Amino acid sequence: MKRRKNVLSVVAICLAALSLVGCSNSSSSNKSDNNKPKSNQKVKKTNTQKTSFRKSFDKIQVGDVMQQGNGGSTLKDVKNILGQPNSISATEVKGFKVKSYSWTKYGTTIMVQFSHKKAITKTVSGFKWSRNSTKLTLKAFNSIKTGSSYKGLVNTYGEPDGLNENVVLGKKNVTAVYVTGIKAKNAGASASFTFADDKLVSKTETNLK
């Protein structure tokens, strides 16, 4: 029973982190860029920096929440990748304590949650890819079946703009959010896919066309 309560506590914390993915990416898609660099050289440099920061997210390893984060990156590891955090907060749900560290650059935020000094959840939000991949339409969204793989989704539509990843009881959970490369009815459109052990378990869309 105690273990089940711990799992529920962890899920609550992960869901709180996950909400940042959709909200931040959705809100960023509605904002116009009023501070655009004046030269193509500055644009290219900024885009390179944004992409580099986004890809640094992939270097962070998350450990199993129910095994005290075993296998996850340490705070020192993450600081070596991202530098000093912009903010730190602490959360406790039914006795389960978690510290959250956030790094924000170029409008993109990476948040990593730690338990027992190991990373247990990581989230990236606010990033938007420039895509050459197949456009994700409502028809395409509806054709993506439960049980399909995350790798297959990425191979077809490119990497997601927002991503949340955690491991609970040996099961890797991934939620991917797309706000670019989609066919939208209006601003704020998005598509979200949740995977467990690389198999799609749920999906949602807002204003796809």
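**Entry 1: layout**

In what order do the elements of the protein chain run from the N terminus on? I read them off as α-α-α-β-β-β-β-α-α-β-β-β-β. My tally for the chain is 5 helices and 8 strands. Note to self: this is a predicted model.

I looked up confidence next. The mean pLDDT is 85 for the protein chain, with 81% of residues at 70 or more. I marked residues 28–35, where pLDDT stays under 50. That stretch has 6 contacts beyond four places in sequence. I leave its details alone, because predicted coordinates should not be read in detail where pLDDT is low.

**Entry 2: whole-chain numbers**

I pulled the totals. Of the 209 residues in the protein chain, buried ones make up 40%. The accessible surface comes to about 11,700 Å², and carbon and sulfur atoms hold 49% of that. I also checked how far contacts reach along the sequence. Taking contacts between residues at least 6 apart, 58% join residues at least 24 apart.

**Entry 3: the sheet**

What is the strand order in the sheet? I traced an open sheet of 8 strands, β1-β2-β3-β4-β5-β6-β7-β8, with antiparallel pairing. The edges are β1 and β8 (199–206), each of which pairs on one side only. On average, neighbouring strands are turned by 15° against each other, direction ignored.

Then I went strand by strand through the N-terminal pairs. β1 (residues 87–93) and β2 (residues 96–105) run antiparallel and are joined by 7 bridges. I used S87 as a marker here, and its bridge partner in β2 is S102. The hairpin of β1 and β2 has 2 residues between the strands, and K94 takes a positive phi near 50° there.

The step from β2 to β3 (residues 108–115) is also antiparallel, with 7 bridges. K99 finds its bridge partner in β3 at F114. This hairpin has 2 residues between the strands, and Y106 has a positive phi near 55°.

For β3 and β4, I again noted antiparallel pairing over 7 bridges. V112 is matched with K122 of β4.

**Entry 4: helices on the sheet**

Which strands does α3 touch? I found α3 packed on the sheet against β2 and β3, its direction making about 10° with that of β2. I looked at α5 as well. α5 packs on the sheet too, touching β5, β6 (171–178) and β7 (190–196). The angle between the directions of α5 and β6 is about 25°.

**Entry 5: salt bridges**

How many salt bridges does a search of the whole structure find? The search gives 4. I started with R54, since it sits in a salt-bridge network with D58 and E159.

R54 to D58 has its closest N and O atoms 3.6 Å apart. R54 to E159 comes out at 3.8 Å for the closest N and O atoms. R54 lies in helix α2 (residues 40–56) and E159 in the loop between α5 (150–157) and β5 (162–168), so this pair ties together parts 105 residues apart in sequence.

Is R54 buried or exposed? I get a relative accessible area of 0% for R54, which is buried. Its partners are another matter: D58 is partly exposed at 38%, and E159 is partly exposed at 32%.

I then checked D161. D161 forms a salt bridge with R131, at 3.2 Å from N to O. D161 is in the loop between α5 and β5 and R131 in the loop between β4 (118–125) and α4 (138–143), so the pair ties together parts 30 residues apart in sequence. D161 has 0% relative accessibility and counts as buried.

**Entry 6: D64**

Last residue on my list. Where is D64? I placed D64 in the loop between α2 and α3 (75–82). D64 counts as buried because its relative accessibility is 6%, and the cut-off for buried is under 20%. What does D64 touch, leaving out residues up to four places away in sequence? I wrote down G69, N70, V167, V168, L169 and G170.

Conventions. Residues are numbered from 1 along each chain as its sequence is written. This is a predicted model: local features need pLDDT of at least 70, side-chain atom pairs count only at pLDDT 80 or more; totals for chains, interfaces and linings use all residues. Side-chain values use heavy atoms; hydrogens and water are left out. pLDDT is the predictor's confidence in each residue, from 0 to 100. Contact means heavy atoms within 4.5 Å. A salt bridge is a side-chain nitrogen of Lys or Arg within 4 Å of a carboxyl oxygen of Asp or Glu. Buried means under 20% relative accessible area, exposed over 50%, partly exposed in between (1.4 Å probe, protein chains only). Helices (H or I, at least four residues) and strands (E, at least two) are DSSP runs, numbered from the N terminus. Accessible areas come from the Shrake-Rupley method with a 1.4 Å probe; for residues, only the protein chains shown count as cover. Two strands pair if DSSP finds at least two bridges between them. Axes are lines fitted to C-alpha atoms, for helices over the stretch in contact, and angles run from 0 to 180 degrees between N-to-C directions.
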